[in-house]
Amino acid sequence: MLISELEINVRFSETDAMGVVWHGNYLKFFEDGREAFGEEFGIPYLTVYNHGYFIPIVKTEMDFKAPVRFGQRVRIRTRFVPSRAAKIVFEYEIFNVNTAELAARGKTIQVFTSREDGALQLLMPDFYTEWLQLHKLVE
């Protein structure tokens, strides 16, 4: 199981009129988590791009559990979920570091598309299969 963790401070611009993190910013937190995961485990976005692919999100799920406020700190836990299909699945947990509460939980699914013509890729790209093998996520 590959898991990456990142802590960030909540900025004022990420909160709403109630003083809590606006729900749409959790997608940004998920993005921050994916970016940190890619850097930590050797599959950053530029690697995907340089191999000729985009990986757009096609599905997102989010459940909100507890508020996070300006000035607090969050820990973003990003877990890679192996799949036999040509897609990338991540699950997330966002913790309020100040209160130790689970603030949100979520999931994203990304697919491979050709950078050249936008075509959906039905087979895993070779570089991705090699990455999965390197981390013993497939045989």
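Strands, as I shall use the word, are DSSP runs of E with at least two residues, numbered from the N terminus. The model before us is a predicted one.

Let me begin with Ser4, which sits in strand β1, residues 3-9. Is Ser4 buried or exposed? Its relative accessible area is 2%, and Ser4 is therefore buried, the cut-off being under 20%. The side chain of Ser4 makes a polar contact of 2.9 Å with the side chain of Glu40. Leaving aside residues up to four places away in sequence, Ser4 touches Ala36, Phe37, Glu40, Phe41, Ile76, Arg77 and Thr78.

I turn next to helix α1, residues 25-41. Helix α1 has 17 residues, and from its first C-alpha to its last it reaches 24 Å, close to the 24 Å expected at 1.5 Å a residue. The buried residues of α1 include Asn25, Asp32 and Arg34, along with the aromatic residues Tyr26, Phe29, Phe30, Phe37 and Phe41. Just after the helix, Gly42 adopts a positive phi of about 75°.

Now to the aromatic rings. How many aromatic pairs does a search of the whole structure find? The search finds 17. In one of them, the ring centres of Tyr26 and Phe29 are 5.5 Å apart and the planes stand at 80°, so this pair is edge-to-face. Both residues belong to helix α1 and are three residues apart, about one turn of the helix. Tyr26 is buried at a relative accessible area of 3%, and Phe29 is buried at 0%.

A further edge-to-face pair is formed by Phe80 and Phe90, with 5.9 Å centre to centre and 75° between the planes. Because Phe80 lies in strand β4 and Phe90 in strand β5, the pair ties together parts that are 10 residues apart in sequence. Phe80 counts as buried at 2% relative accessibility, and Phe90 is buried as well, at 5%. Phe80 and Phe90 also belong to one aromatic cluster, whose other members include Phe30, Phe37 and Phe41, together with Tyr53, Tyr92 and Phe112. Phe127, Tyr128 and Trp131 are in that cluster too.

Those last three residues bring us to helix α3, residues 126-134, whose buried residues are Phe127, Tyr128, Trp131 and Leu132. Why do these four lie on the same side of α3? They do so because they cover an arc of only 140° around the axis. Asp126 and Glu130, on the other side of α3, are exposed. The cover over the buried residues of α3 includes α1, α2, β2, β4 and β5. Leu134, also in α3, counts as exposed at 63% relative accessibility. The C-alpha atom of Leu134 is separated by 32 Å from that of Asp63, and the two residues are 71 apart along the chain. After α3 comes Lys136, with a positive phi near 55°.

Finally, the strand pairing around β6, residues 101-111. Strand β3, residues 57-64, runs antiparallel to β6, and seven bridges join the two. Met62 has Gly106 as its bridge partner in β6. Strand β5, residues 87-96, is also antiparallel to β6 and is joined to it by 10 bridges. Here the bridge partner of Ile94 is Ala104. The hairpin of β5 and β6 has four residues between the strands, and in this hairpin Ala100 takes a positive phi near 65°.

Key:
Residues numbered from 1 in each chain as written. Predicted model: local features only at pLDDT ≥ 70, side-chain atom pairs only at ≥ 80, totals over all residues. Heavy atoms only, no water. Pairing = 2+ DSSP bridges. Buried < 20%, exposed > 50% of the residue type's maximum accessible area, 1.4 Å probe, protein only. Arc of directions from axis to C-beta. Contact = heavy atoms within 4.5 Å. Polar contact = N/O pair within 3.5 Å; in protein donor to acceptor, adjacent residues only side chain to side chain. Expected span 1.5 Å × (residues − 1). Phe/Tyr/Trp six-rings, centres within 6.5 Å; stacked < 30°, edge-to-face > 60°.
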